[in-house]
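Biologist: I would like a close look at a single part of this model, starting from one residue and working outward to whatever surrounds it. Please take me through it step by step.

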Amino acid sequence: MLLQAEEAIKQAKIREISSHYPDLKTAGKYLTYGNALRLEQHHDIAQQNQFRLSNIKQSLDANQKKLDEFKKHQKMVHVEKEHVSTINKEVEKLSSVEKKLNELDRSPGEKAKRLVSKKARQDYE
């Protein structure tokens, strides 16, 4: 009677452990009590493990969002660098024109040319 009770407790434990694994429900009668205890340890460790597939997927998704955000900022920086480069070129052009205008304004001969020659006046303007 005591052996039967012990066997019933072991079978209940085997059923409980095999319930975590749908593939083992039909194999429960071939699963020994010792193997069931080892399987339970494995199940407990797997439950505590942080590297579950869902956690990894969430982490990957979060990192992908950060990467997308970084790429967006990187693209914005690249566009701004192009704008700054274009503005620098324009400033250099304006600076050279201003320098040339200053030279033309300081030269009395150039002023006289502009008064007489229509082409010189158009070039100056």
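Modeller: Leaving aside the neighbours within four places in sequence, Glu40 is in contact with Lys13 and Ile17. Glu40 itself lies in helix 2, and at 21% relative accessibility Glu40 counts as partly exposed, given that buried means under 20%. Before going further I should say that this is a predicted model, with a mean pLDDT of 82 for the protein and 80% of the residues reaching 70 or more.

The contact with Lys13 can be described in some detail. The side chains of Glu40 and Lys13 are joined by a polar contact of 2.9 Å, and the pair also meets as a salt bridge, with 2.9 Å from N to O. Because Lys13 lies in helix 1 and Glu40 in helix 2, this pair ties together parts that are 27 residues apart in sequence. Side chains of opposite charge can pair when their charged atoms come close. Lys13, like its partner, is partly exposed: the relative accessible area is 22% for Lys13 and 21% for Glu40. A further spatial relation of Glu40 is to His20, which is 20 residues away in sequence, with 9.1 Å between the two C-alpha atoms.

The element that carries Glu40 deserves a description of its own. Helix 2 has 16 residues, which at 1.5 Å a residue should span 22 Å, and its end C-alpha atoms are 23 Å apart, which agrees. The buried residues in helix 2 are Ala36, Leu39 and His43. These three cover an arc of only 60° around the axis, and therefore sit on the same side of helix 2. On the other side of helix 2, the residues Arg38, Gln41, Ile45 and Gln48 are exposed. As for what lies over the buried residues of helix 2, the cover includes helix 1.

Helix 1, residues 2–18, can be read in the same manner. With 17 residues at 1.5 Å each, helix 1 should span 24 Å, and the distance between its end C-alpha atoms is 24 Å, in agreement with that expectation. Its buried residues are Ile14, Ile17 and Ser18. They are confined to an arc of only 95° around the axis, which means that they share the same side of helix 1. Ile17 thus appears twice in this account, as a buried residue of helix 1 and as a contact of Glu40. The other side of helix 1 has Leu2, Gln4, Ile9 and Arg15 as exposed residues. What covers the buried residues of helix 1 includes helix 2, residues 33–48, just as helix 1 is part of the cover over the buried residues of helix 2.

To set the pair of Glu40 and Lys13 in context, the count for the model comes to 4 salt bridges. Among them is one between Lys57 and Asp61, whose side chains meet at 3.5 Å, N to O. Lys57 and Asp61 are 4 residues apart in helix 3, residues 53–106, which means that about one helical turn separates them; Asp61 is partly exposed, at 38% relative accessibility. Another joins the side chains of Lys93 and Glu90 at 3.7 Å, N to O. Here the two residues are 3 apart in helix 3, so they too are separated by about one helical turn. Lys93 is exposed, with a relative accessible area of 51%, whereas Glu90 counts as partly exposed at 39%.

Finally, the setting as a whole. The protein has 5 helices and 0 strands, and from the N terminus on its elements run α-α-α-α-α. Of its 125 residues, 9% count as buried. Among the contacts with a separation of 6 or more, residues 24 or more positions apart account for 5%; Lys13 and Glu40, at 27 residues apart, are in contact across such a distance in sequence. Confidence varies among the elements, with helix 3 having the highest mean pLDDT, 90, and helix 4, residues 108–116, the lowest, 64. Where pLDDT is low, the predicted coordinates should not be read in detail.

Key
Residues numbered from 1 in each chain as written. Heavy atoms only, no water. Expected span 1.5 Å × (residues − 1). Buried < 20%, exposed > 50% of the residue type's maximum accessible area, 1.4 Å probe, protein only. Arc of directions from axis to C-beta. Contact = heavy atoms within 4.5 Å. Polar contact = N/O pair within 3.5 Å; in protein donor to acceptor, adjacent residues only side chain to side chain. pLDDT = per-residue confidence, 0-100.
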